[in-house]
Amino acid sequence: MKRLNLRQILLIIFCITVISILKNSFFNSIDDISNIEFVKMILIMWSDSQILNIIWLLPILLSAIIVGKKYYTKLCSFDVRYKNRKHYINKLLINIIISSFIINFLIMLFQLIILTNTSFILIISNIKVLKILLIYVVETMFINILVIIISLYIKRIMYSYIIVVIIMFLSLIIFINFSLNINSNYIPFINMYLNSNINIITIILIFLSLLLIKRKYIYSDILGGND
Amino acid sequence: MILEVKNYSKTIKDKQILNNINLKLTSGNVYGFYGRNGSGKTMLFRAISTLIYPTKGDVFIDNISIINGNYDLSKIGLLLEEPDFYPYLTGLDNLSLLYEINNKKDICHIKKIMKEVGLLENQPEKYREYSLGMKQKLRIAQAIMENQGLIILDEPTNGLDEESAIKFHELIKKLKKDNKLILIASHNKDDLRLLCDKIFKIDAGELMGEIKL
């Protein structure tokens, strides 16, 4: 019985490879993971060129599509086999956090492996690199969850998820352009461009967003036409 | 098992979909719901399975409110709308996946159920290659396979040929003997007349009372 779609996995790997190649073409020289600034540049970069910025944000778009679409679809339905909605939504929220973390982590990790030509073991054994990865993963998780929640609230629009992903991507570019000028370490997502610390506000917002998803799901009229 | 629907009303966009429904149904009986298209039969079943929430009223199973989400709904077998079957999996694989949601694994039992509804246990076709009747049989199988106490079937004989419909009737009689509480909505008078102990008429979201067909 096939639960994992091999074609999808290959497509994701292909996308990460293409993104890495695109990023690679903008570097004058390639360094290894001992150069933390280079590692950071591979994952997080903002420049005057919007094309460059879009390329660097593509992994976020990819993770939003992979994580969000799966769970948005699940959140739009219910089966009595899931015992009851409260039971199911709690299980689902845990799955969203775990999946979002793993997928974002792997997307970042693959980029590092390709662009620094370093082994998986060497990367995950480097604490400084791991910290940068963790910061990026947490901020991207917030974007993933934000996309899901906005899609749920505008469910009346057909294909709302795809619309939200596109709008969010464009909004993110505009938001970063403006917010970087404010230079605040507390603005979610912007924080990682400015320093190398985990933003506690982002973590709080992630949990608040999950609570909003739960509330929306528990009280929604699935198949009732009143959403 | 006792299922009670108390003063259940549902309004969607100022339209009264269900209007003050009151029901008390007990195990070991088959209850039929008869009405024209759009009369509210499916909405009532959606209400009982908590897919929709009431504007007013409540639903109780054995005196436990199912609206507040504490009742274990996996005790309900439900055939409503089109269940999520994977088109590229066989019927057996699809049922196994659904069976595994509550950590149950028993291929022999699933094969037995498939046989009972008139499907070949080793049906080689994928779900997308199934005929309309075969799809309906698989939907019935998913609704009864977990030995649930309450079985809700919305238009169960849709797409079934005469022979399969007879087999379905025998299945319902067997489930009734096993003390299940069975709810069937249909616009097919013969199905309801032959199977049900009591038949209720629904019109414009209102329960018009018991009828004889």
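## Working through a predicted two-chain model

In this predicted model, chain B uses 22 residues to contact 18 residues of chain A. Here are some exercises to try with the structure open.

**Exercise 1. Describe the side of chain B that touches chain A: which elements give two or more residues to it, and how do its residues divide by type?**

Start with the elements. Two of them, β6 (76-79) and α2 (91-100) of chain B, each give two or more residues to this side. Next, sort the residues by type: eleven are nonpolar, six polar and five charged.

**Exercise 2. Trace the open sheet of chain B and work out why one side of β6 and of β10 is left without a neighbour.**

Begin with the strand order, which is β6-β7-β8-β3-β9-β10 in chain B, with mixed pairing. Now look at the two ends: β6 and β10 (206-211) of chain B are edge strands with a single partner each, so one side of each has no neighbour in the sheet. Going from one strand to the next, the twist averages 20°.

Then zoom in on one pair. β9 (residues 198-203) of chain B runs antiparallel to β10(B), and five bridges link them. For a landmark, find B:Phe200, whose bridge partner in β10(B) is B:Glu210.

**Exercise 3. Place helices α1 and α4 of chain B against the strands.**

Take α1 (residues 41-48) of chain B to begin with. This helix lies across β3 (30-34), β7 (150-154), β8 (181-186) and β9 of chain B, at about 150° to β7(B). Helix α4 (residues 132-144) of chain B also packs on the sheet, where it touches β6 and β7 of chain B. The direction of α4(B) makes about 165° with that of β6(B).

**Exercise 4. In the largest nonpolar core, find the residues that touch the most other members, and the helix that gives the largest share.**

The core has 110 residues, and B:Leu44, B:Ala141, B:Ile152 and B:Ile184 touch the most other members. The largest share, though, comes from chain A: its helix α6 (residues 127-153) supplies 15 residues.

Now pick B:Ile152 and look around. Leaving out residues up to four places away in sequence, its contacts include B:Phe45, B:Ile48, B:Ile76, B:Leu78 and B:Leu183.

**Exercise 5. Check the length of helix α7 of chain A, then sort out what is buried and what is exposed in this helix.**

Length comes before burial here. The helix covers residues 160-182 of chain A, which is 23 residues, so at 1.5 Å a residue it should span 33 Å. The end C-alpha atoms are 31 Å apart, which agrees.

On to burial. A:Tyr161, A:Val164, A:Val165 and A:Met168 are buried in α7(A), and their cover includes α3 (50-75) and α6 of chain A. A:Ile182 also belongs to α7 of chain A, but A:Ile182 counts as exposed because it has 10 C-beta neighbours inside 10 Å, and the cut-off for exposed is 12 or fewer. Just after the helix, A:Asn183 takes a positive phi of about 60°.

**Exercise 6. Is B:His187 buried, partly exposed or exposed?**

Locate B:His187 in the loop between β8 and α6 (189-195) of chain B. Count next: 15 C-beta neighbours lie inside 10 Å, so B:His187 is partly exposed.

**Exercise 7. Describe how β1 and β2 of chain B are joined.**

β1 (residues 2-12) and β2 (residues 15-26) of chain B pair antiparallel over eight bridges. B:Val5, for example, has B:Leu23 in β2(B) as its bridge partner. The two strands form a hairpin with two residues between them. In the turn, B:Lys13 has a positive phi of about 50°.

Definitions and conventions
Residues numbered from 1 in each chain as written. Chains lettered and ligands numbered in written order. Predicted model: local features only at pLDDT ≥ 70, side-chain atom pairs only at ≥ 80, totals over all residues. Contact = placed C-beta atoms within 7 Å. Helix = DSSP H or I, 4+ residues; strand = E, 2+ residues; numbered from the N terminus. Nonpolar A, V, L, I, M, F, W, Y, C, P; charged D, E, K, R; others polar. Pairing = 2+ DSSP bridges. Axes fitted to C-alpha atoms, helices over the stretch in contact; angles between N-to-C directions. Core = buried A, V, L, I, M, F, W, Y, C linked by C-beta atoms within 7 Å. Buried ≥ 20, exposed ≤ 12 C-beta atoms within 10 Å, placed from the backbone. Expected span 1.5 Å × (residues − 1).
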